[in-house]
2 protein chains.
Amino acid sequence: MRKNDLPHVVIVGGGFGGLMAARAFNRAAVRVTLIDRTNHHLFQPLLYQVAMAGLSPAEIAAPIRSILRRQKNITVLLDEAESVSLRQNQLILRDRILDYDYLILATGGKTSYFGHDQWERFAPGLKDLSDAVEIRRRVLLAFEAAEKESDPDLKRELLTFVVVGGGPTGVELAGAIAELAKFVLARDFRRIDPKSAEILLLEGGSRILSSFAPSLSEKAVNHLNDLGVRVRTGTAVTDIDATGVTLGEERIRAATVIWGAGIRATDLTGTLGVPVDRAGRILIEPDLSLPGFPNTFAIGDMTYFEQNGKPLPGVSQVAMQMGRLAAQNILNDMSGSARQTFNYNDKGSMATIGRSAAIAEIGKIRLSGFPAWMAWLLVHIWFLIGFRNRFTVMFNWAWSYFTYQRGARLITEDQNRER
Amino acid sequence: MRKNDLPHVVIVGGGFGGLMAARAFNRAAVRVTLIDRTNHHLFQPLLYQVAMAGLSPAEIAAPIRSILRRQKNITVLLDEAESVSLRQNQLILRDRILDYDYLILATGGKTSYFGHDQWERFAPGLKDLSDAVEIRRRVLLAFEAAEKESDPDLKRELLTFVVVGGGPTGVELAGAIAELAKFVLARDFRRIDPKSAEILLLEGGSRILSSFAPSLSEKAVNHLNDLGVRVRTGTAVTDIDATGVTLGEERIRAATVIWGAGIRATDLTGTLGVPVDRAGRILIEPDLSLPGFPNTFAIGDMTYFEQNGKPLPGVSQVAMQMGRLAAQNILNDMSGSARQTFNYNDKGSMATIGRSAAIAEIGKIRLSGFPAWMAWLLVHIWFLIGFRNRFTVMFNWAWSYFTYQRGARLITEDQNRER
């Protein structure tokens, strides 16, 4: 069989799901093409550390080519999927059209403002490296501007930080801003006291981290309070603009607002003509294929999948396990075996709040405080792809932990720079 | 004496010169304000390593506030100097006006296209972190685009890299592109052979690195040839556009052109009304003050200063020594001592060509190859500010050296990204 006669599997997206699918084809008799619109795989669970100047972008990202270098049946292309002709088995990219025998869609999610896209300018979300660098820029610039401001009201506005959304991302960001102000910046300014910064975490529901047990949510609130973060639940944001946030009748003046509230599927799902939910997520079959198109699979954050009557969460574990099964089902087709249905094996979940504080829920085990944080640290360093990143991240963390310094406090991409 | 009665020294620029001046005021009875338009000091000699994905931006930059944290008489402000009222002793910033008793200007240089500013779009220079990230993006994207290109002529154009200017920056960049192609990317692509990339170094004069001895220039050419860089001297660039470079009658098609040819003083010097040379550099007095304004000093790349009938080079050593003397002369004024005139103590110069290859000239000692590279490495790591950066840079280098990997191969700020 000539190489070009081998079945062509196209994977769109080099996140956790796409990468796991690609790896599952190692040594298989297929040609694999992996497409991503960036050149790097991003270790998203640590993205908030880039936003808070603890890590550099390169420390949580690795070139996809490099990760897959040894797998000779894979070609990596930098391109962006615009739509799919499901009936013609064609993927339409920005630069070309690709024919496929099997397609695995793994393009993930993007920030959703629930119909208020005009809020994006004032309250960036945190989904990729550019977002993280932009948030880092805004937070650091707010302290710089406060140092120069003589009007006490404006100074207060500059030193108020609002994080919208009490999920894991929002909690991590709020905790990290508090640490940045309290430990890192405290000694660097002359005219302001960064410790006086006010950090607010707003949650619409009745408790933060609602996917965890109520007792752990409570522990998280305590940890956040210890760091100086005020947590407000049951608050509905009705407007966001350049000077703050409106909650019905109430107005909170804040120069920096960060959006951690919503995720929806990337726009690609809307072009397919298959059923999607309100967040644009594809309602996939039990074998992870698209309804009516058994040679096309979708996995991870862009999908909606129920198990035991409950939707699966949008976490990397789900995407990775789905990636493995989608690849396995393609290999099963080729070997004439029956396809398997997806069954998520929940290995537990964790959220970090700050230095030495986290919560973790693994089956019936519930951890909080320092033990949970150690578990979080080990798991995250372990899963960071590549020894080098593992090492430098560990070094940076140890350094930050013992010295209260941060390495990546750069304000770059200043709009006002000379050219 | 109340604190506000102390003489107010304003320093504009947190580069090597400005930082040295600031440090020279340690424990002195003055109030110092240091202004910079970025929040970080940049270790410019390693900027080419960021452009070539060897180091991350944060590894060669440190927050100015953090560097000067312990010096209690200094306030650091993030702002940009727009002009100076020399007669009123006022510095006009973007956001405010500052009164000063003494002023030290240390704003450095910027890329000069010798009247062809339209070339900037096609051939970025390398002066700050944004430049470096932009060059990294272009170089990495050229390889990505070549991997997708089927037309052989266009593929050749995408794999041709032209560096204009045979000074230290141009030589470092050309050598680093060659290494990136030959060692780092070689195994990652399927459809192109990155080793086949053509790298051209164009120099207008009769030899590259003309500030060094002719024998060292020759050695550098040999090193570059070994790496696969073609060096062409006596070539005058007459045009640059999106598809390449024109040299009189000759046309070189190249998707990536980098400008390492010219530096001029920042625009601030033009607003002062004092004599400047063609490159906008201030013709300063022997005590480093501005002609007619003894309480205002200018130092470093923004100045023109002759010693023994020869202009001083635009290197960090000159800026640092000038910074120290400008501060000393202000302290001399305060203590009633006479001012000193500037006398540059040349500690030698170095240029690196690539892995294990450099040239160095220290007095009458001339080194090349591995010994020069070791000297270069030690000096540069030593002078990198702060232990942490020193450590991580050393680690990254050791890692790159032994594994032929690079850590910072990120393409960020893609103009075509989804939002």
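Here is a friendly note on the cores, salt bridges, aromatic pairs and one surface patch of this predicted model.

1. **Ground rules.** Because the model is predicted, local features need pLDDT of at least 70 and side-chain atom pairs count only at pLDDT 80 or more, while totals for chains, interfaces and linings use all residues. Residues are numbered from 1 along each chain as its sequence is written, chains are lettered from A and ligands numbered from 1 in the order in which they are written, and side-chain values use heavy atoms, with hydrogens and water left out.

2. **The largest core.** A nonpolar core here is a set of buried Ala, Val, Leu, Ile, Met, Phe, Trp, Tyr and Cys residues joined through side-chain atoms within 4.5 Å. Buried means under 20% relative accessible area, exposed means over 50%, and partly exposed lies in between (1.4 Å probe, protein chains only). The largest such core has 69 residues, and A:Met52, A:Ile60, A:Phe143 and A:Leu201 have the most contacts inside it. Helix H6 (residues 168–184) of chain A supplies the largest share of this core, nine residues. Helices (H or I, at least four residues) and strands (E, at least two) are DSSP runs, numbered from the N terminus. A second, separate core has 68 residues, B:Val50, B:Met52, B:Leu201 and B:Trp376 among them.

3. **Around A:Phe143.** It is worth clicking on this residue. With neighbours within four places in sequence left aside, the contacts of A:Phe143 include A:Leu159, A:Phe161, A:Ala181 and A:Leu185, and also A:Phe189, A:Ile192, A:Pro194 and A:Ala197. Contact means heavy atoms within 4.5 Å.

4. **Around B:Tyr102.** Strand E9 (residues 102–105) of chain B holds B:Tyr102, which counts as buried at 13% relative accessibility. Beyond its neighbours within four places in sequence, B:Tyr102 is in contact with B:His8, B:Val9, B:Val10, B:Asn295, B:Phe297, B:Ile330, B:Asp333 and B:Arg339. The C-alpha atoms of B:Tyr102 and B:Leu201 are separated by 44 Å, the two residues being 99 residues apart along the chain.

5. **Salt bridges.** A search of the whole structure finds 38 of them over all chains, each a side-chain nitrogen of Lys or Arg within 4 Å of a carboxyl oxygen of Asp or Glu. In one of them, B:Arg253 pairs with B:Glu157, with the closest N and O atoms 2.6 Å apart. B:Arg253 lies in strand E16 (residues 250–253) of chain B and B:Glu157 in helix H5 (residues 152–158) of chain B, so this pair ties together parts that are 96 residues apart in sequence. B:Arg253 is partly exposed at 47% relative accessibility, whereas B:Glu157 is buried at 9%.

6. **B:Arg339 again.** This contact of B:Tyr102 also forms a salt bridge with B:Asp287 (2.9 Å, N to O). B:Asp287 sits in the loop between strand E19 (282–283) and strand E20 (289–290) of chain B, and B:Arg339 in the loop between helix H8 (316–335) and strand E25 (349–354) of chain B, so the pair ties together parts 52 residues apart in sequence. B:Asp287 is buried, with a relative accessible area of 16%, and B:Arg339 is partly exposed at 22%.

7. **A network with both chain letters.** Salt bridges link A:Asp79, A:Glu80, A:Arg94, A:Asp95 and B:Lys148 in a network.

8. **Aromatic pairs.** The whole structure has 18 over all chains. Rings of Phe, Tyr and Trp (its six-membered ring) pair if their centres lie within 6.5 Å; planes under 30 degrees apart count as stacked, over 60 as edge-to-face and the rest as tilted. A:Phe114 and A:Trp259 are edge-to-face because their ring centres are 6.2 Å apart and their planes at 65°. A:Phe114 is exposed, with a relative accessible area of 54%, while A:Trp259 is buried, with 4%. Ring pairs link these two with A:Tyr113 and A:Trp119 into a cluster.

9. **Helix H9 of chain A.** A:Phe370 and A:Trp373 are three residues apart in this helix, which means about one helical turn separates them. A:Phe370 is partly exposed at 42% relative accessibility, and A:Trp373 is buried at 11%. A:Phe370 also joins A:Met374 and A:Leu378 in a nonpolar surface patch of about 280 Å². Patches are made of residues with over 30% relative accessible area and no salt bridge: like charges are joined within 9 Å, nonpolar side chains (Val, Leu, Ile, Met, Phe, Trp, Tyr) within 5 Å. Accessible areas come from the Shrake-Rupley method with a 1.4 Å probe, and for residues only the protein chains shown count as cover.
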